[in-house]
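Student: I would like to take a close look at a single part of this model, the place where the two chains meet. Could you take me through that part slowly, after we have both had the structure in view?

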Amino acid sequence: MTRVYDLAVIGAGPAGVAGALEASLAGLDVVVIDAAPRPGGQYHRHLPDSFHALRPGALHHGLERFMRQWEALRSRAEILLGHRVWAVERTGGDAAGGTAGATVTVRCLAGDREERPRAVRARALLIATGAHDRPLPFPGWDLPGVLTAGGAQALLKGSLVVAGRRVVVSGTGPFLLPVAAGLARAGADVRGVYEAGGRFGLARHPLLAAGKAAEAAGYAAVLARHRVPYRGRHAVVAAHGEDTLTHVTVARLDADWRPVATRTVECDTLACGYGFVPQLELPVQLGCATRRDADGTPVVAVDAGRRTSVPGVYAAGETTGVGGAELAEAEGRLAGRTVAADRGLRVPPLPALARRVDRLAAFARALHEAYPVRPGWRDWLRDDTLVCRCEEVPLSAVREARRLGATDARSVKLLARPGMGWCQGRMCGYAVACLAGEDPAAPRRPIAQPVRLGDLAGLEHPLRKDDRDDP
Amino acid sequence: MPDVVVIGAGVVGAACAHYAARAGLDVVVLDRGPVAGGTTGAGEGNVLVSDKEPGPELDLAVLSAGLWRELAGLGGFEYEPKGGLVVAEDDEVLAALTALAAGQGVEHTVVDAGRLTDYEPHLAPGFAGGVFYPQDAQVQPMLAAATLLREGGRGAGRGTLSLRTGVTVTGFLRDGERVTGVRTDRGDIPAGAVVNAAGTWGGEVAALAGVHLPILPRRGFILVTEPLDEPLVLHKVYTAAYVTNVASDSAGLETSAVVEGTPSGPVLIGASRERVGFDRTVSIPVLERLARQAVELFPALAARRVIRAYCGFRPYCPDHLPVIGEDPRAPGLYHACGHEGAGIGLAPATGHLIAQALTGARPGLDLDPFRPDRFDPDRSGTGTPAKEG
Ligand SMILES: Cc1cc2nc3c(=O)[nH]c(=O)nc-3n(C[C@H](O)[C@H](O)[C@H](O)COP(=O)(O)OP(=O)(O)OC[C@H]3O[C@@H](n4cnc5c(N)ncnc54)[C@H](O)[C@@H]3O)c2cc1C
Ligand SMILES: Cc1cc2nc3c(=O)[nH]c(=O)nc-3n(C[C@H](O)[C@H](O)[C@H](O)COP(=O)(O)OP(=O)(O)OC[C@H]3O[C@@H](n4cnc5c(N)ncnc54)[C@H](O)[C@@H]3O)c2cc1C
């Protein structure tokens, strides 16, 4: 018999770890699954080990707290790192709400080169798969040296690589600040932070209004110390170089993000990010209802206890709306407690926790409203600008598809192939939807991660070796 | 007033509109979604003569295969006359396959076991032999539909062809029994004739005219691999079991993988057949069966990654034949739907025959087997009394 856990948690970021810990403290038998070889999720995983020494204050605090939770969790729950989940299925029970007897099967691929399939079964599932970067296309964004903000964060791990680099940070949203501050502190020569949205300088950054004065002041101090200029209503609208990045065109923007005036800034690294896209393929596979977040992005819909529309399936963290690590952690805790209570354990209510989630979520909404992506970015593109890098689809091909009668993102994809390549539209999906004239839809990807045909074919044999090593 | 309104901008509607405009008629194509947004956007693009028993569907397929060859000259979409290889698991199956090929009367070569790898170097050993069909081809169905629509009205002596997306047909204009146009969510459009090319939704559209067409969805999943650096699969390759599956009436799951490479690099593996309504929930057991069958044909595929799977709903008629021609129960309404898993292959012939019917020309094929009222218990009956709108 394969072991059936009480709860499987997918994602070992702040939300998943906090949720798993609460559930296991309450007495549930928990397994935590993450694709990455290290815990921490999008943010903590990428902080260099030397961060402690370098940086007192809010972030240090966050990381330390996360590591404490992680240590506590490790001794209580089963941990499966390096396990990519490519599909989840729910069997038994009834869609109307009966959870008795229902189980979720989580299909993973363990390991990197020598990956092997593995199925994990549980009575409840917490999805905490976070979000991924949301880039916007512009001429030259496919040059080596142009990174997403998340990519730049990953670079930080080896601070040696960063030192001496001439970096420009551009995009929109509060996370530009920690990225720029982190790079500056690690020795990079940060040539400027260009925030497309903010009309005001750092002194009136929305983080302040949202009650994050200490955090904002911390970043501002780092940027000031390193003499990093911060400009609102500016963005990198083109990147240049022969084989690798040598300089960028920075534009002053009008309220709709159309370029008003441009100049050139030399750099060898550009970190660019326009927010995040929640990873919804697993909840969509299960049929969980989605809703649109304040900025129009599809996210998983949950109730106050983080239950999705599918019985036995819960969601927390950025999959339910982008809002920062603190909110993700609080939501995760709430979810873990709800799962335990739903499974019949005694969990005393924690009204303070629910209030905290509400307060942080309101803050997240305020930030979304402060940093909308404005339509003028389309004016940055030229006919030959690649919209989809995997399939090398230029803007002109997207326009041709529209002329042929494609009126939504799916039909643009069918006629011109953006999103058909390796990343399956994770990078270009947002831009293609905007160019097709619609709000981005929740992704339908029945296969969430590439899986070898041999592994897919082998699934039918329930007693293959990999499943049997479960106690 | 247009001569013809075509409902549906899938490959079948596109072909009907294309040939009607070529015949000099002014055509308006309506679709509630975008071009090729229905089942055409979920199909694989096989143009097969190999998988059909002798009979009316094979006649249609052979006519269509020739028309696709000609239409490929328009450019704008991929057309690859790559040929299909059907392989037999054992001698008994091979004998049946060879007999079928002889009866079909289409160009083919019987391939014995030793020569299979001349056609497909990576094919698994152990097959008893096969039959190669050079006329089997591949089209990119979405671009093909878009191209047929764009090109239909271009050229001297042709009618006009215009496409209106985002328009839903909600009913019909009637003059007595006669259909004289459509009602839409964007207003009425009177027309000389109306073509129902609504694919899997053809039964619903017919019902708006008060006539019955028993078209049901038959779900199919397709797997798509990562792009391969070297072509592993050169033709369309499938096992003889596919032929029996296609013709089956079972509502249960049937899979028989058709494996082929594409010009852009990925290998396509399709497709399953099952009648589960319009349910999109992913079925892992279906995907694993397709994967297993593909690996059984080409063991080297085992190490290649699937990056995508998708599903669509074939327009299925109980007798596996499409509905083509004017509806005697609602004169002025022509049907061109219900092509199940072969609508891409059969689209040009369907469009060609519909255009002939619309212009009163003698049809190139006998349309009797495709008659819209053939499912009525009383074959000559006029169906339920037609309601206005
Ligand atoms: C550059 C950058 C700077 C940031 N700065 C800050 C900041 O200063 N302050 C702040 O509060 N927040 C910041 N954030 C946001 C913060 O990272 C997120 O709010 C937080 O990580 C969300 O936590 P989560 O648990 O929801 O998701 P994540 O941390 O993203 O964790 C999700 C986990 O799920 C795993 N996963 C996803 N899909 C699968 C799958 N199919 N199979 C297996 N595992 C999977 C991933 O590997 C990942 O580990 C920043 C983010 C970035 C990118
Ligand atoms: C997995 C799979 C694989 C397949 N492989 C092949 C293959 O290899 N070869 C092959 O030949 N065939 C294949 N098929 C079958 C083929 O895709 C279909 O037979 C064909 O696409 C049907 O085309 P159509 O134009 O009739 O329908 P559709 O493409 O579905 O077009 C019908 C259109 O009508 C529109 N419509 C419906 N109702 C209304 C209304 N009330 N008002 C306005 N518009 C309306 C819809 O929006 C839709 O766009 C496959 C199908 C599937 C599912």
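In which sense do strand β22 of chain A and β18(B) pair, and over how many bridges?

Tutor: Please keep in mind that this is a predicted model. Strand β22 of chain A, which covers residues 451–452, pairs with β18(B) in the antiparallel sense, and the pairing runs over two bridges. If you want one position to look for, take Val306(B) in β18(B), which is the bridge partner of Val451(A).

From that strand pair we can widen the view to the whole boundary between the chains. On the side of chain B there are 40 residues in contact with chain A, and on the side of chain A there are 35 residues in contact with chain B. The area buried between chain B and chain A comes to about 3,200 Å², and carbon and sulfur atoms give 63% of that area. Within chain B, the residues that lose the most area to chain A are Ile284(B), Arg305(B) and Ile307(B), which together make up 20% of what that side buries. The size of an interface is often given in this way, as the accessible area lost when the parts come together.

Next, consider the charged and polar pairs. Side chains of opposite charge can pair when their charged atoms come close. Between chain B and chain A the count is two salt bridges, and one that you can find is formed by Arg150(B) with Glu400(A), where the closest N and O atoms are 3.3 Å apart. Glu400(A) also has a partner within chain A, for its side chain meets that of Arg403(A) in a salt bridge with an N to O distance of 3.0 Å. Glu400(A) and Arg403(A) both belong to helix α13 of chain A, residues 395–404, where they lie three residues apart, about one turn of the helix. Glu400(A) therefore takes part in a salt bridge with Arg150(B) as well as in one with Arg403(A), each pair having a side-chain nitrogen within 4 Å of a carboxyl oxygen. Over all chains, the structure holds 51 salt bridges.

Across the interface of chain B and chain A there are also eight residue pairs in polar contact, with both residues at pLDDT 80 or more. As for the elements involved, α5 (141–152), β9 (161–165), β14 (216–225), α8 (284–297) and β18 (305–316) of chain B each supply at least two residues of the side that touches chain A. The largest share of that side comes from α8(B), which gives eight residues. When the residues of the side of chain B that touches chain A are divided by kind, 22 are nonpolar, nine are polar and nine are charged.

To draw the picture together, the boundary holds an antiparallel strand pairing between β22 of chain A and β18(B), a salt bridge from Arg150(B) to Glu400(A), and a contribution of eight residues from α8(B) on the side of chain B.

Conventions:
Residues are numbered from 1 along each chain as its sequence is written. Chains are lettered from A and ligands numbered from 1 in the order in which they are written. This is a predicted model: local features need pLDDT of at least 70, side-chain atom pairs count only at pLDDT 80 or more; totals for chains, interfaces and linings use all residues. Side-chain values use heavy atoms; hydrogens and water are left out. Contact means heavy atoms within 4.5 Å. Buried area is the accessible area (1.4 Å probe) that two parts lose on being put together, summed over both. A polar contact is a pair of N or O atoms within 3.5 Å; within protein, one must be able to donate a hydrogen and the other to accept it, and residues adjacent in sequence count only if both atoms are side-chain atoms. Helices (H or I, at least four residues) and strands (E, at least two) are DSSP runs, numbered from the N terminus. Ala, Val, Leu, Ile, Met, Phe, Trp, Tyr, Cys and Pro count as nonpolar, Asp, Glu, Lys and Arg as charged, and the others, Gly among them, as polar. Two strands pair if DSSP finds at least two bridges between them.
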